[in-house]
Amino acid sequence: MSDETLTAELSDGHTLTVPLDWFPRLIHATPAERNDWRLIGRGAGIHWPDLDEDISIEGLIAGRRSAGSRESLKRWLDAKQAGRPRTLDALRLDNDERRRK
């Protein structure tokens with residue numbers, strides 16, 4: 001991955017390269033956050049735990065951009081800038097803590 005592209009090397013020898021701006025959370029991520037990823041679904045997709053981002057290989061092949069809404073991205077960016085948890089699991093834990101107070 002570069003600052004401008006996401007590249008996936010497939011097991012069949014093909015290489016897919018797509019613009020990083022197709023995935024706003026990756027664009028707004030730090031290099032460390034971008035580099036913290038893992039394969040999911042036996043290689044059917046890529047997951048970035050710190051970004052709560054999942055991209056399927058099928059979607060990359062089809063040329064699909066992120067399906068996230070502008071509102072969702074705005075909430076995510078606001079949380080990132082405020083230093084609050086940004087993943088769904090972390091947000092649930094954060095909300096549970098607030099309820100206990």
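Mentor: Two strands count as a pair if DSSP finds at least two bridges between them. Please keep in mind that the model before us is predicted. With that rule, β3 and β4 qualify, since 3 bridges join them in the antiparallel sense.

Trainee: Which residue in β4 is the bridge partner of I40?

Mentor: The partner of I40 is G45.

Trainee: In what order do the strands of this open sheet stand?

Mentor: The sheet has 3 strands in the order β3-β4-β5, and their pairing is antiparallel. β3 and β5 (53-56) are at the edges with a single partner strand each, so one side of each has no neighbour in the sheet. From one strand to the next, the twist averages 30 degrees.

Trainee: How many bridges join β1 to β2?

Mentor: These two strands run antiparallel and are joined by 5 bridges. One of the bridges sets L6 opposite V18 in β2. The two strands form a hairpin with 5 residues between them, and G13 in the turn has a positive phi of about 100 degrees.

Trainee: How many residues does the largest nonpolar core hold, and which of them touch the most other members?

Mentor: The general idea is that nonpolar side chains tend to be buried together in soluble globular proteins. Here the largest nonpolar core has 18 residues, and those touching the most other members are L6, F23, L26, W48, I55 and L60. At least two residues of this core come from each of β1, β2, β4, α3 (57-62) and α4. L6 illustrates the pattern: beyond its neighbours within four places in sequence, its contacts include F23, L26, W48, I55 and L60. L16 and V18 of strand β2 are also among the contacts of L6.

Trainee: Along strand β2, which side chains are buried and which are not?

Mentor: In strand β2 (residues 15-19) the side chains alternate between two faces. L16 and V18 point to one face and are buried, whereas T15, T17 and P19 point to the other and are not.

Trainee: How many salt bridges does the structure hold?

Mentor: Side chains of opposite charge can pair when their charged atoms come close. This structure holds 5 salt bridges. In one of them, the side chains of D3 and R34 meet at 3.2 Å, N to O. D3 belongs to the segment before β1 (5-9) and R34 to helix α2 (residues 31-35), so this pair links distant parts of the chain, 31 residues apart.

Trainee: Are D3 and R34 buried or exposed?

Mentor: D3 is exposed, with a relative accessible area of 59%, whereas R34 is buried, with a relative accessible area of 9%.

Trainee: Where do the salt-bridge partners E33 and K80 lie?

Mentor: The closest N and O atoms of E33 and K80 are 2.7 Å apart. E33 lies in helix α2 and K80 in helix α4 (residues 70-82), so the pair ties together parts that are 47 residues apart in sequence. Both E33 and K80 are buried.

Trainee: In which helix do K74 and D78 lie?

Mentor: Both lie in helix α4, 4 residues apart, which is about one turn of the helix. Their side chains meet in a salt bridge at 2.8 Å, N to O. K74 is exposed, at 52% relative accessible area, and D78 counts as partly exposed, at 33%.

Trainee: Where is H47 placed, and which backbone oxygen does the side chain of H47 reach?

Mentor: H47 is in strand β4 (residues 45-48) and counts as buried at 13% relative accessibility. The side chain of H47 reaches the backbone oxygen of E53 at 3.4 Å. Apart from neighbours within four places in sequence, H47 contacts D36, W37, R38, I40, E53 and D54.

Trainee: What phi does R42 have, and what phi does D52 have?

Mentor: Most residues other than glycine have a negative phi. R42, which is not a glycine, has a positive phi near 55 degrees, and D52, also not a glycine, has a positive phi of about 55 degrees. R42 sits in the loop between β3 and β4 and is exposed, with a relative accessible area of 90%. D52 sits in the loop between β4 and β5 and counts as partly exposed, at 22% relative accessibility.

Trainee: Where is G41 found?

Mentor: G41 is in the loop between β3 (38-40) and β4 and is exposed, with a relative accessible area of 56%. The C-alpha atoms of G41 and S56 are separated by 9.1 Å, while the two residues are 15 residues apart along the chain.

Terms used: Residues are numbered from 1 along each chain as its sequence is written. This is a predicted model: local features need pLDDT of at least 70, side-chain atom pairs count only at pLDDT 80 or more; totals for chains, interfaces and linings use all residues. Side-chain values use heavy atoms; hydrogens and water are left out. A salt bridge is a side-chain nitrogen of Lys or Arg within 4 Å of a carboxyl oxygen of Asp or Glu. Buried means under 20% relative accessible area, exposed over 50%, partly exposed in between (1.4 Å probe, protein chains only). A polar contact is a pair of N or O atoms within 3.5 Å; within protein, one must be able to donate a hydrogen and the other to accept it, and residues adjacent in sequence count only if both atoms are side-chain atoms. Contact means heavy atoms within 4.5 Å. Axes are lines fitted to C-alpha atoms, for helices over the stretch in contact, and angles run from 0 to 180 degrees between N-to-C directions. A nonpolar core is a set of buried Ala, Val, Leu, Ile, Met, Phe, Trp, Tyr and Cys residues joined through side-chain atoms within 4.5 Å.
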